[in-house]
Each structure stands twice: as C-alpha cells, then as structure tokens.
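Welcome to the tour. Open your viewer, keep the selection tool handy, and we will go stop by stop.

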Amino acid sequence: MMMLGDTIAAISTPRGKGGVALLRVSGPRAVEICERVFLPASGKGLSEVPARTSVYGAILGNGVDGVRETVDDGLATVFREPASFTGEDTVEICCHGGILLTETVLTSLISAGARAAEAGEFTRRAFVNGKMGLSSAEALGNLLEAQTHEQMRLAHAGTNGKLEEACREIYETLRDVLASIYVKIDYPDEDLADMSRAEIDAALGGCEEKLKALCATYRTGHAIAEGISTVICGRPNVGKSSLYNRIVGRDAAIVTAVEGTTRDVLCETAALGRVTLRLFDTAGLHDTADPVEQIGIARAREALDRAELVLAVFDGSRQPDDEELALIEELREHAGTVIAVINKSDLGEAAADFYRSKFAHAVTLSAERGEGMDALTDLTETLFVRGDIDVRRDVVLSNARQNGAALAALEAVGSARGALAAGLPIELCCSDAECAMEAIAQLDGRSISEDIVAQIFSHFCVGK
Ligand code: GDP
C-alpha cells in the first residue's frame with residue numbers, strides 16, 4: 001500500500017544492460033539508509049556530503065552467502081528536502097548498468113531499511129508534497145510516453161506548471177467573489193469595501209473567458225497528446241497498406257498485389273504533421289468465405305464505426321465498383337471526419353472528380369510514389385489542430401480529465417452569471433461559484449479523489 005513517511009527505493013533506469021544505471025532513494029531515512037550501502041572514497045559519511053553534490057565511492061551489496069562486499073564503484077548525489085524532485089531527502093546512486101548488479105544494489109537498499117517503490121511513487125510524492133500540480137505530473141507521464149515530436153513538445157511544456165498557474169488565477173478570482181458575497185451576507189450593516197454586482201459579474205466574466213479559451217485548446221491537445229483514432233478503409237488493392245506504410249514511414253504492413261492479404265487489424269501511432277494518428281490498418285471491407293478474413297473484416301467494421309478519422313482510399317485511376325458506391329453511401333452517415341484519399345494518381349485521375357464530388361474532404365495522391373502526401377498532412381492538420389496554438393508556449397488541455405473539469409467549471413461560471421443577469425439575489429450565484437471552484441481544484445489537483453490520483457500514477461513506471 002502507498003504510504004508517505006517511509007523511505008522508498010527503485011531502479012530508475014530501464015531493466016537491461018547499459019553503461020550506467022540510476023537507483024533512487026527517497027524519504028526521511030534516505031541518507032541514513034544509503035550510508036549503509038554507499039561508502040564515499042573520501043572516508044566521510046554521506047550525511048556529511050553537501051546537498052546537490054555527487055561523490056565517488058564504493059557500493060555495497062550482499063554477495064554469495066549474504067556476505068557484504070563491494071559490488072561496484074559509482075556516484076551518489078544527495079538532495080535535501082524540500083529541494084529535491086519528491087520534496088523529500090533523496091539520494092541517487094549511479095552504478096554500472098548490469099541487471100544482476102542493479103538488482104543487488106536495490107536488494108541492499110531494501111535490507112538497509114528502504115521499501116521497494118510502486119509505479120509512479122516518486123512522482124506521486126512530488127505531487128503530494130506540492131512540488132508539482134497534477135496536470136504537470138500528467139504531462140511528465142506523457143513525456144515518458146511521447147512517440148511523436150509534437151507530443152514531446154506538448155508534454156514538456158505541460159511540466160512547467162502553466163496550467164496550474166492559469167487554474168490558480170481563476171480559482172483565486174472565484175474565491176474573492178465568494179468572500180465578498182459572504183461578507184455582505186454575514187455583515188449586511190457594515191460599510192465594507194466589497195465588490196459591486198457589476199464588479200462580480202465582470203470578475204466572473206473574466207473567468208468565463210479564460211475557461212472558454214482553455215476548453216478551446218482541447219481539440220488540439222487531444223489530437224496531439226491522445227491521438228486521433230484513424231481507420232484506413234477501402235476495397236482490396238486500392239493501396240491502403242501502401243498509404244499506411246507511407247504514413248508510418250516504414251514497411252509495417254505487408255504490401256502485395258494479391259487480394260485480401262491484410263487479415264488483421266494493426267494499430268500504430270504515427271505523426272501526420274502535428275497530428276498524432278492512432279492508425280488502424282484494417283482488412284479490406286469486402287465479402288469473403290475465408291473465416292479468418294471474416295474475423296478481420298468484423299474487427300475492421302468495429303474500428304471503422306468508432307474511428308474519429310476515416311481515410312477512405314479509392315483507386316482514382318478507375319471508376320468505382322458497386323461495393324465502393326455502397327461504401328461512399330455508408331460513409332455519409334459516419335460520425336467522424338472522412339477524408340477521401342484518391343490514390344494511384346500516377347496511373348491517372350479518371351475518377352478523381354467523381355470522388356471529390358462525393359466527399360467534403362478529399363486529396364489526390366500516389367501512396368506508392370509518395371506524391372501528394374503533403375496535401376494529406378495539411379488537410380489533417382487543418383481539420384484537427386489549431387495553427388495558432390504553439391504547444392511550447394501556450395497552455396493546452398491534453399486529456400479528457402482536464403477537459404471534463406474545465407467544462408464543468410465553465411458551465412458553473414456561466415450559470416452563476418446567468419443568475420446575476422436574471423436579477424436574482426446575489427447570494428444565489430454562490431453555489432455555482434463554489435461548484436466552479438471545486439471543478440478547478442480537480443483540474444489542477446488541489447482537491448481530487450484518491451482513486452483518480454491512483455489511476456493517474458498507475459500509468460507511470462517504477463522508479464519515476
Ligand atoms: P491494399 O490491398 O488496399 O492494402 O493495397 P496495397 O497497398 O497492398 O496495394 C495494392 C497494389 O497497388 C500493390 O501492387 C501496390 O504496389 C499498388 N499501389 C498502391 N498504391 C499505389 C499507387 O499510388 N500507384 C500505383 N501505381 N500503384 C499503387
């Protein structure tokens with residue numbers, strides 16, 4: 001069970017052979033525990049080492065028969081609370097990166113009194129100790145998971161605490177509004193310098209604008225951080241796998257000239273410009289007696305129905321067949337965004353105008369030659385990310401949790417303003433303002449349920 005107050009230890013670098021590995025120890029007994037495992041070459045104890053200083057020394061472990069012996073030489077860096085990542089006393093031990101070696105050092109730390117850390121426990125301690133807000137911690141998790149450059153930029157910017165800062169401003173304005181109203185209710189006869197009705201409305205209006213601006217970033221944040229679920233569909237041999245490989249950038253799907261070779265649903269994360277695609281390459285949607293193919297097709301249909309983006313591939317060099325005409329009709333009803341990819345432009349564009357007339361969004365390209373891919377990238381960016389948002393600089397909501405809380409706050413502020421506009425007594429907007437404060441507190445993590453916190457940190461790896 002997660003407990004603050006004890007001292008935790010973990011190997012923070014990935015398991016495997018490497019030049020160096022890092023073990024982290026955090027908690028009130030970190031220095032004392034590490035003194036039993038790390039002997040500085042200077043002969044002084046670790047407790048005498050100044051904060052944020054690395055020292056060279058011997059690392060002790062239990063050898064065969066449990067005999068204590070020097071297992072490696074390395075560096076130890078001491079951090080004193082609160083000036084550490086977790087906000088607690090922390091020691092980082094750097095040794096050589098051997099699997100048995102790092103496990104031996106970890107065992108040694110545990111026998112000296114540390115507890116093996118759970119996944120995400122260091123970052124969770126940083127959050128609990130006020131070293132970072134929840135959205136910064138989420139951003140840090142995203143930084144570790146980032147698969148595209150734009151995701152990496154967004155995640156890195158998210159660790160700077162700017163979203164928490166924006167939340168704090170809104171929260172404090174709401175708090176001031178509430179305080180002013182409550183003072184008026186509690187001391188009606190006093191001539192206190194409280195806010196007028198117009199000032200309260202202006203303050204709430206300011207919060208509403210800020211929240212609207214925040215919520216308006218989520219579409220872009222979602223497209224970059226969470227990714228757009230994307231299905232490539234179309235008749236066999238129109239070039240779906242070729243397009244898939246062109247986007248993913250390597251030969252991930254088998255491309256052959258034999259119909260029906262793509263039987264399974266592959267999923268991969270890829271960047272199309274700034275947009276992250278969670279890309280499914282699905283079996284061709286066509287009738288088949290092959291039971292294995294039938295399963296693939298059923299999965300393809302399911303993925304297609306749920307996709308946020310459908311890349312409907314057609315061979316633009318020939319006229320559509322009946323199944324393609326049916327697919328066009330079916331896609332009219334699709335809830336997501338559909339882009340017609342009119343492929344094989346190198347063979348001619350006999351049917352290109354027909355497809356363009358059928359879809360709101362269409363691009364002509366040659367997946368095989370890579371010609372026209374820029375047009376697909378530009379169109380996808382236009383549809384899913386805002387060109388005016390610079391993720392390195394702007395505050396961007398990047399997950400559904402943050403967006404849900406911001407929307408709840410926006411709705412509550414709107415409702416508080418509605419009460420004012422309707423001429424209701426001023427105290428009637430208090431509960432809405434309180435709801436808005438609560439939603440903001442959930443957004444930046446100052447008040448959030450233990451379950452949600454546990455859920456967020458469970459995605460981290462051990463040692464982070
Ligand atoms: P899928 O069955 O829809 O996944 O289609 P594939 O990507 O496997 O492609 C089927 C055939 O069409 C292969 O022989 C490809 O080389 C070819 N093909 C794909 N895209 C193009 C293209 O843009 N131009 C030409 N000329 N051939 C293509």
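Which residues are closest to the ligand, and how many surround it? Select the ligand and its shell (residues with a heavy atom within 4 Å): there are 18 residues, and the closest are Asn237, Lys240, Ser242, Asp346 and Glu368. This is a predicted model, where local features need pLDDT of at least 70, side-chain atom pairs count only at pLDDT 80 or more, and totals for chains, interfaces and linings use all residues. Residues are numbered from 1 along each chain as its sequence is written, and side-chain values use heavy atoms, leaving out hydrogens and water.

Zoom in on the ligand's partners. A polar side-chain atom of Glu368 is 2.4 Å from a ligand oxygen, while an N or O atom in the Asp346 side chain is 2.8 Å from a ligand nitrogen. The protein covers 87% of the 580 Å² of accessible area (Shrake-Rupley, 1.4 Å probe) that the ligand has on its own.

Next, select 162–186, 197–215, 400–421 and 430–444. These are helices H6, H7, H14 and H15 (DSSP runs of H or I, at least four residues), and each gives two or more residues to the largest nonpolar core. That core (buried Ala, Val, Leu, Ile, Met, Phe, Trp, Tyr and Cys residues joined through side-chain atoms within 4.5 Å; buried is under 20% relative accessible area, 1.4 Å probe, protein chains only) has 37 residues. H14 gives the most, with nine.

Finally, pick Ile200, one of the residues with the most contacts inside this core. Beyond its neighbours within four places in sequence, Ile200 contacts (heavy atoms within 4.5 Å) Val177, Ile181, Met195, Leu420 and Ile426.

Definitions and conventions. Buried < 20%, exposed > 50% of the residue type's maximum accessible area, 1.4 Å probe, protein only. Polar contact = N/O pair within 3.5 Å; in protein donor to acceptor, adjacent residues only side chain to side chain.
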